[in-house]
Amino acid sequence: MLIAVVVVSSVVFYVDATWVAFAVSEFFLNVPDKVAETASELAVVQVMQDPVGFVIMLSVPQLSLLFFPILLGLLSPAGMRRNLGLVRGAWPAWTWVAAAMATPLIGMIAGGILSQFVSDSPALQDFAELILHHSRRGFLIPAILAISVFPGLCEEMLFRGFLLRQISRIAPTTVSLVVSSVLFAGFHLDPVHVLGVLPLGLWLGFITIRSKSLFPAMFAHATNNFVSVLVIAMDDTENVLAPPSAKFQLIILIAGLLGLMGVGISIRRAALKESAAENSDLSNAPVSAEDR
């Protein structure tokens, strides 16, 4: 029940925060009355073409996603950090980097496969046009940082920090992984975007579970968004789903394979440590009279 309430309330908060962000942007920017009155998707895009409007429209709705994870984390007996997985976890820091390196490869493969069946939606095309607009006006780096940091922090706190952990308390790990990933994908609303980010959600959930920490997923999510936006700007393309240019494909492929190798090594080492610990516990167990 709590999970359903948080999901629905977070969506409502996000929608309301979007309207608030639009109103704040309208106040600070010289938005034509006819455009502001409609508050349509076109009006939102026009507001986001201004650097100030872009940051406001992106940050305010994203920050609204932190409300319930932080509130319920503070109320948890375990404390907010442990309740949301904001701990060091089982992986060394270098594995966080490896997981982040692998993430754009997951996204590139998913986008390449999806592009064989569907084309970019209007929403994705509008997103690409916004990136190109800011890139041509010298606002690319701030835009990339905003698109990387806010979703990497806020969406991960909600979907992997709170929902994944809450669902895992009442369902098997695989079920919690799938359900939280589907909710994460569905949050993006646009059907094409939903299909595109579902594999990413599964990967982020997987590394959260294996690392026993939220930090690797945060870092990986931010890295994926950073690379995706950079590719759009550098390739000067409005086709989000299509594979990037050859040079970016090669870089993403090499980095991704090295990252997957690093994650595999870390998982293997963790398994060996757990096995050694179990064997040690068994060897130190008291011997019964019958065993003697």
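Helix axes whose N-to-C directions meet at angles over 145 degrees count as roughly antiparallel. This cut-off is handy for reading the predicted model shown above, in which the axes of helix H1 (residues 2-28) and helix H4 (residues 51-64) come within 8 Å and cross at roughly 155 degrees. H1 and H4 are therefore roughly antiparallel to each other. The crossing in which H1 passes H4 is right-handed.

The wider setting of this pair is helical. The protein chain holds 13 helices and zero strands, and its pattern along the sequence reads α-α-α-α-α-α-α-α-α-α-α-α-α. Taken along the principal axes, a box of roughly 90 × 45 × 30 Å is filled by the C-alpha atoms of the protein chain. Of the 292 residues in the protein chain, 45% are buried.

Turning to the surface, a nonpolar patch of about 820 Å² is formed by Trp 94, Val 97, Met 101, Phe 219, Leu 250, Ile 254, Leu 258, Met 261 and Ile 265. Two or more residues of the nonpolar patch are given by each of helix H7 (93-115) and helix H13 (246-283). The largest share, five residues, comes from H13.

Leu 258 offers a convenient close-up of this patch. Leu 258 is placed in helix H13 and has a relative accessibility of 48%. Because partly exposed residues lie between the 20% limit for buried and the 50% limit for exposed, Leu 258 counts as partly exposed at that value.

Terms used
Residues are numbered from 1 along each chain as its sequence is written. This is a predicted model: local features need pLDDT of at least 70, side-chain atom pairs count only at pLDDT 80 or more; totals for chains, interfaces and linings use all residues. Side-chain values use heavy atoms; hydrogens and water are left out. Patches are made of residues with over 30% relative accessible area and no salt bridge: like charges are joined within 9 Å, nonpolar side chains (Val, Leu, Ile, Met, Phe, Trp, Tyr) within 5 Å. Accessible areas come from the Shrake-Rupley method with a 1.4 Å probe; for residues, only the protein chains shown count as cover. A salt bridge is a side-chain nitrogen of Lys or Arg within 4 Å of a carboxyl oxygen of Asp or Glu. Helices (H or I, at least four residues) and strands (E, at least two) are DSSP runs, numbered from the N terminus. Buried means under 20% relative accessible area, exposed over 50%, partly exposed in between (1.4 Å probe, protein chains only). Axes are lines fitted to C-alpha atoms, for helices over the stretch in contact, and angles run from 0 to 180 degrees between N-to-C directions. Angles under 35 degrees count as roughly parallel, over 145 as roughly antiparallel, 65 to 115 as roughly perpendicular and the rest as oblique. A crossing is left-handed if the near helix is turned anticlockwise from the far one by less than a right angle, and right-handed if clockwise.
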